[in-house]
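Student: Please take one part of this protein and go through it closely. I would like to see how that part sits in the whole.

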Amino acid sequence: MKTRDLTLIGVCAAVICVLAPWKINITLIPVTLATFAIYLVSAVLGPVKGSLAVLIYILLGAMGLPVFSGFVGGFQALVGPTGGYIIGYVPMAFIIGYASKAMKSAVKYPLGMIVGTFVLYAFGTAWFCISRPSALAPALAACVLPFIGFDLIKIAAASIAAYKLKPALAKTVSAFVL
């Protein structure tokens, strides 16, 4: 991997770390800016680099930096009721990055983000059912239904931002390389 790739991955991990802790409590699972940050980073960087940026964010949080929802850090966040969401960020990032790289139309961003969000919901809900013994229907009511509207808004905003940012970033990076 080239130095510019490592730099972009590091900067994007930092962007996730700055945005992710901000939350609004609506249920036991809060609405955060983490998904928005991961939507944007993954769409711009692609599957491997986007997933690496997310993995760095998770590792920093697991080591104790307060980068998770509500400015929390530490391994306990990964095993708590929202831990499935945190782990689910990695496959979500890969799916979004893959769609943004593989598809050739503007619909690639929202479509990839929607599919990635379903995967995130699956990880988060499954872990919620395990960590807080719960049946599937109540878990879906607590872990998915309240967030669909918020996530659609974040998907729309991140899709527009990625559509504008990705070509601009490519021009900027190539200008510095030449």
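Tutor: What follows looks at helix H5 and its surroundings, beginning with the whole chain. The model is a predicted one. The protein contains eight helices and two strands, and from the N terminus its elements run α-β-β-α-α-α-α-α-α-α. Its C-alpha trace spans about 55 × 35 × 25 Å along the principal axes. A compact globule of 178 residues would have a radius of gyration near 16 Å, and the protein agrees with this because its own value is 16 Å. Buried residues account for 42% of the 178 residues. Of the contacts with a separation of 6 or more, 68% join residues 24 or more positions apart. The protein exposes about 8,900 Å², with carbon and sulfur atoms supplying 78% of that area.

Now to the helix itself. H5 covers residues 83-102. Its 20 residues, at 1.5 Å a residue, should span 28 Å; the end C-alpha atoms lie 29 Å apart, so the two values agree. H5 nevertheless bends by about 35° at Tyr 89. A proline, Pro 91, follows within four residues of that bend.

Tyr 89 is also one of the buried residues of H5. The others are Gly 83, Gly 84, Tyr 85, Ile 86, Gly 88, Met 92, Ala 93, Ile 96, Gly 97, Ala 99 and Ser 100. Leaving aside residues up to four places away in sequence, Tyr 89 touches Thr 32, Ala 34, Thr 35, Ile 38, Val 54, Tyr 57, Ile 58 and Leu 120.

These contacts lead into the largest nonpolar core, which has 45 residues. Tyr 89 is among the four members that touch the most other members, along with Ile 16, Tyr 57 and Met 113. The elements giving two or more residues to this core are H1 (3-19), H2 (34-45), H3 (47-62), H4 (76-79), H5 (83-102), H6 (108-131), H7 (136-143) and H8 (148-177). H2 gives the most, with ten residues.

One contact of Tyr 89, Leu 120, belongs to the buried set of H6. That set also includes Met 113, as well as Lys 108, Tyr 109, Gly 112 and Gly 116. Farther along H6, the buried residues include Tyr 121, Gly 124, Phe 128 and Cys 129. The 24 residues of H6 should span 34 Å at 1.5 Å a residue, and its end C-alpha atoms are 34 Å apart, so expectation and model agree.

How values were computed
Residues numbered from 1 in each chain as written. Predicted model: local features only at pLDDT ≥ 70, side-chain atom pairs only at ≥ 80, totals over all residues. Heavy atoms only, no water. Core = buried A, V, L, I, M, F, W, Y, C linked by side-chain atoms within 4.5 Å. Buried < 20%, exposed > 50% of the residue type's maximum accessible area, 1.4 Å probe, protein only. Contact = heavy atoms within 4.5 Å. Expected span 1.5 Å × (residues − 1). Bend = angle between axes of the 7 residues up to and from the residue. Rg over C-alpha atoms; globule rule 2.2 N^0.38 Å. Areas by Shrake-Rupley, 256 points an atom, 1.4 Å probe, with all protein chains shown as cover.
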